[in-house]
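Trainee: I am new to this structure and would be grateful for a close look at a single helix and at what surrounds it. Would you please then place that part within the whole?

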Amino acid sequence: MALIKHLPDLLISQIAAGEVVERPASVLKELLENSLDAGARQVDVQLMEGGTRSIRVADDGGGIAREELPLALARHATSKIASLMDLERVASFGFRGEALASIASVARLTLTSRTSDAAHAWRIDASSLSLTPAAGGCGTVIEAADLYFNTPARRKFLKQEATEYAHCDEVLRRMALARPDVAFNLTHNGNVKHRLGAADLPARARELLGPEFFAQTRVVEVNAGDLSLTGFAALPAYSRAGRDAQYFFVNGRFVRDKLLAHAVRQAYADILHGSRHPAYVLFLELDPAGVDVNVHPAKIEVRFREARAVHQFVFHALQRVLATPLVNALPHAPAPAPSPTWQGQRTLAVNEPAVAAYFDFVGNQPQQNDSRTDEPDADQAPLGYALAQLHGIFILAQNAAGLVLIDMHAAHERILYEKLKNALTGDRPATQSLLIPALLAASAAEMAAAEEHAEALEHLGFELAAAGPGELAVRSVPALLANSSIADLVRALLADLKDFPTSQVIEARGNELLATMACHGAVRARRTLSIPEMNALLREMEATDRADQCNHGRPTWTQLSLADLDRLFLRGR
Ligand SMILES: Nc1ncnc2c1ncn2[C@@H]1O[C@H](COP(=O)(O)OP(=O)(O)OP(=O)(O)O)[C@@H](O)[C@H]1O
Ligand SMILES: [Mg+2]
């Protein structure tokens, strides 16, 4: 039997490195965490050969004083905690005081740093611990080169450059999502891969996950006691074949936690096919005392004191958000560009009220977009409030009972018809003179009809005159129809008037003429309406008699109650 001996320091660190420094990406993670812990606003990363040749991280954080440089590299030396109490409430990424020592034991590490009160920077070489004056601004530059140069067994486990780079890229993405307020740049073999300016969470998430993610995403913002869950959860339409867009942060720290993963999977269970993976960026915040981050050397796992409560909270919060009707779940359109109010909050950390401010902002969007002042309260309006337009033909609206489907053209036609009729039964409809008369080519029969029925046309609000052989000029039209295609409208009216005795045309054919006018004046299919325009139409329908029937007797709208919808999905309520 060999004697029991103390291990040499280097070997202890190399053993520790086995847990912490799994690959270049883990070095990058530790260095980024240190930069953020040091209060950096800007972090620049340069990788060579997937990080195996070198990883250089430069930050503008608080720096390390000359006399502390050797300590920064020493094992079990940290500025971040001093007691068990500190550990239990730790808010920094680091607390073990061994990342740099571990990295230095398996790579060639140099650290250059300058605090704000130092005249210049100092550099320390980890292998010799020699200190030399150096150039550089306030902050810290750490370079770790030739990873595993002294541990060939580990080196063999390194994958291809592209694979190692992909892991580094993922580490940067996580950090960048956790701290959108910090600017990050990353180059690989001299090529710029990321250039992320300080931003807010939506802008940062959009940049990293792409607009497709946002087009299918629900905003999550749920609080219960001292638990809160915020962020974005994609609807099944954006589900992924892989787990590549799953970001869960606990108190700002990216974690991969079985309990949380299970809660999320369950929340999606009703709506996502088993082989698909949900996509999300979620931030769980809770009292630091309620979560133990000292479980795993790389701190990627956590342990919750009240695991069940956390599981239930995450599950219910997410399930509710995913089930909410679309109207309450902006941004279903591409996320709004950062508003001016937002710009001023750029420097806030993600855990701070900025997130709440953002969610308020997003949550208020429908109201802001809506020119109407009243809140969309589906209970108040019989036809509810518009959600969307379908194929340019139907308006989808939500009311207290459920879904309302409106035939946009038929509904508008009905409204115009009633209005034109009201205008006619009064003396004469309000007319609008056209500054530039509308000209239309007319057949001899049309020219004749225009002349014969001039009085009736005038009664309807039209003033026509021959502009030349085979050409009519329209000088005024009913104000209600001023926006329609005038040539088509007049041609249709003339077709109605043709072959009809002049004297009785209004009495006998008045309703038909009005119908023709209404039909031509109504919004055509495929016209894109804004939500306020759609809501205005709904309000006019409510104010118009018989608005539920179009002029051809077809219904203009139909109601699908929640029970009807349930039946469609064979679902009992
Ligand atoms: N970029 C940096 N800027 C300023 N100080 C730094 C930086 N990197 C490291 N330090 C200092 O060096 C110390 C050691 O860093 P190291 O990463 O080894 O340990 P840690 O961050 O305290 O804990 P952990 O091992 O959990 O990461 C830190 O506590 C910090 O004081
Ligand atoms: Mg650290």
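Mentor: In this predicted model, helix H7 has a long list of buried residues: Glu164, Tyr165, Cys168, Val171, Leu172, Arg173, Arg174, Met175, Ala176, Leu177 and Ala178. The helix itself covers residues 161-178, which makes 18 residues. From its first C-alpha to its last, H7 reaches 26 Å, close to the 26 Å expected at 1.5 Å a residue.

Some of these buried positions can be followed outward to another element. Phe254 belongs to strand S12, which consists of residues 253-254. Once its neighbours within four places in sequence are left aside, the contacts of Phe254 are Arg174, Ala178, Tyr247 and Phe249. Of these, Arg174 and Ala178 are among the buried residues of H7. Another buried residue of the helix, Val171, has its C-alpha atom 9.4 Å from that of Phe254, although 83 residues separate the two along the chain. Phe254 itself counts as partly exposed because it has 19 C-beta neighbours inside 10 Å, whereas a buried residue needs 20 or more.

The setting of the helix is the whole protein, which has 20 helices and 22 strands. Of its 573 residues, 37% count as buried. Among contacts between residues at least 6 apart in sequence, 69% join residues at least 24 apart.

Several strands elsewhere are joined in antiparallel fashion. Strand S4 (residues 121-125) and strand S5 (residues 131-134) run antiparallel and are joined by four bridges. Arg123 has Thr132 in S5 as its bridge partner. Five residues lie between the strands of this hairpin, in which Leu129 takes a positive phi near 60 degrees. A second hairpin is made by S9 and S10, with two residues between them. Eight bridges connect strand S9 (residues 217-224) with strand S10 (residues 227-234), again in antiparallel directions. Ala224 stands opposite Leu227 of S10, and Gly225 in the turn has a positive phi of about 60 degrees.

Further along the sequence, three strands make an open sheet in the order S19-S21-S20, with antiparallel pairing. Its edge strands, S19 (431-441) and S20 (463-468), each pair on one side only. From one strand to the next, the twist averages 20 degrees. S19 is joined by seven bridges to strand S21, residues 471-478; in one pairing, Leu439 has Ala473 of S21 as its bridge partner. Helix H17 (residues 486-497) packs on this sheet and touches S19, S20 and S21. The direction of H17 makes about 75 degrees with that of S19.

Finally, there is the surrounding of ligand 1. Of the 22 residues around this ligand, Asn34, Ala38, Thr78, Gly94 and Ala99 come nearest. Helix H2 (24-37) and helix H5 (99-106) are the elements that give two or more residues to this shell. By class, the shell holds seven nonpolar, ten polar and five charged residues.

Conventions
Residues numbered from 1 in each chain as written. Chains lettered and ligands numbered in written order. Predicted model: local features only at pLDDT ≥ 70, side-chain atom pairs only at ≥ 80, totals over all residues. Near = placed C-beta within 6 Å. Nonpolar A, V, L, I, M, F, W, Y, C, P; charged D, E, K, R; others polar. Expected span 1.5 Å × (residues − 1). Buried ≥ 20, exposed ≤ 12 C-beta atoms within 10 Å, placed from the backbone. Pairing = 2+ DSSP bridges. Axes fitted to C-alpha atoms, helices over the stretch in contact; angles between N-to-C directions. Contact = placed C-beta atoms within 7 Å.
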